[in-house]
Amino acid sequence: MQAVIIAGGKGTRLRPLTYGCPKPMLPLFDRPFLVWLIERCRQAGIVDILLNVHYQAQQVIDYFGTGDRFGVQIRYIQESTPLDTAGAVKLAEPWFTGQPLVVFNADILTDLDLTALITFHRDSQAQVTLALTRVADITPFGLVELDQNRQVLAFREKPTSEQALVFLSQGINTINAGTYVIQPDLFLPYLAGEPLSFERVFFPEVLAQGAKVMGFVHQGYWLDIGNPQKYWQAHRDMLAGLISYNFAVPTPSPGVWLSSTAAIAAEAQISAPCFVGDQVWIGANAVIPPYTVLGANSIIDRAIQPGIYAPGSLLV
């Protein structure tokens, strides 16, 4: 198995957070989101990773290098111009080994079982398997219609509110969850260097041509972290234990993750759940409410509001 991670987008929905940082390098607590995603690949036994980069690409390359310190091999597929989702994967074709590709959008936080997804793909002898999920509001998403055997019947782009009511009445409520297993030969007919969308072109075309396209319905946690509100929600959900996360720092009391290099005055008030990063100094006047994330090298000496505080924050 090879992984292809689509990580070249500008993250426009996450501005201003992404003006100086590529979207997949935004931190989850004290590590870039991409670290979490690459660790998920390694844990599933996928160690050959093709990483698509474009916007602020050098930040990604400098941080991950060859991937050896993360226990994987990383090769970078750099777009000179944006090629959309499937176009980015097609650009990686010279490095395909013939093994199925596990393709990730680098803005999805999920506890999807990758091993189960891959097993389902193999057992069903699919040419494409899409991870799917269900959400309360289907209007922002592309719908995927399945038959009773979980084979894909149709793709339906973002419905209006009126269309959504009709689809829901018909039991059509599964959406594209942004993780796929694809047989690499399906990319052969397409031209490299040309824009190509999975959702609007590639998936509908391979389905129309008779490819076996299956849907793997994920019942667990799923979140698109593509805007500031969802990015904040991801941290809240991890602090609340809705999705597991290796904080890799001590927990001196339940729900308080505290770096061993942080300094906290005895008089400071800290409420769980919260996260305190490296070299943070918390003074006697500090009041840290629940659902607070303090980035490294911050100085806090007053009452603050719940939220994510960037490394180097000064609140006195």
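Which residues are buried in α7? They are Y231, A234, H235, D237, M238 and L239, where buried means under 20% relative accessible area, exposed means over 50%, and partly exposed lies in between (1.4 Å probe, protein chains only). This is a predicted model, in which local features need pLDDT of at least 70 and side-chain atom pairs count only at pLDDT 80 or more, while totals for chains, interfaces and linings use all residues. Residues are numbered from 1 along each chain as its sequence is written, and side-chain values use heavy atoms, with hydrogens and water left out.

Helices (H or I, at least four residues) and strands (E, at least two) are DSSP runs, numbered from the N terminus. Helix α7 covers residues 228-239, twelve in total. From its first C-alpha to its last, α7 reaches 17 Å, close to the 16 Å expected at 1.5 Å a residue; that expected span is 1.5 Å times one less than the number of residues. At the N-terminal end, N227 acts as a cap, with a side-chain oxygen 3.1 Å from the backbone nitrogen of Q229. After the helix comes G241, and its phi is positive, near 80 degrees.

One residue of α7 deserves a second look: D237. It is buried yet has no salt bridge, meaning a side-chain nitrogen of Lys or Arg within 4 Å of a carboxyl oxygen of Asp or Glu. The nearest side chain of opposite charge belongs to R236, 6.0 Å away; here Lys and Arg count as positive and Asp and Glu as negative, with His and the chain ends not counted. Setting aside residues up to four places away in sequence, D237 touches Y221, L223, L242 and I243, a contact being heavy atoms within 4.5 Å.

Another charged residue, R40, sits in helix α1 (residues 33-43). R40 is buried too, at a relative accessible area of 14%. Apart from neighbours within four places in sequence, R40 is in contact with T110, D111, L112 and L114. R40 and D111 are 71 residues apart along the chain, but their C-alpha atoms are separated by 9.3 Å.

Now for the strands. Five of the five residues of β12 (residues 213-217) are buried, so this strand is largely enclosed by the rest of the structure. V213, G215 and V217 point one way from β12, while M214 and F216 point the other way. Strand β8 (residues 128-134) runs parallel to β12 and is joined to it by five bridges; two strands pair if DSSP finds at least two bridges between them. For A131, the bridge partner in β12 is F216.

Elsewhere, four strands make an open sheet with parallel pairing, in the order β15-β18-β21-β23. The edges are β15 (263-264) and β23 (314-315), each with a single partner strand, so one side of each is left without a neighbour in the sheet. Strand β21 (residues 299-300) pairs with β23 in the parallel sense over two bridges, and I299 has L314 of β23 as its bridge partner.

The loops hold some backbone oddities. A272 and P273 are joined by a cis peptide bond, with omega about -5 degrees, and P273 lies in the loop between β16 (269-270) and β17 (274-276). Q56 is not a glycine, although its phi is positive, about 50 degrees. Q56 is found between β4 (48-53) and α2 (57-64) and is partly exposed, at 29% relative accessibility.

Terms used. Polar contact = N/O pair within 3.5 Å; in protein donor to acceptor, adjacent residues only side chain to side chain.
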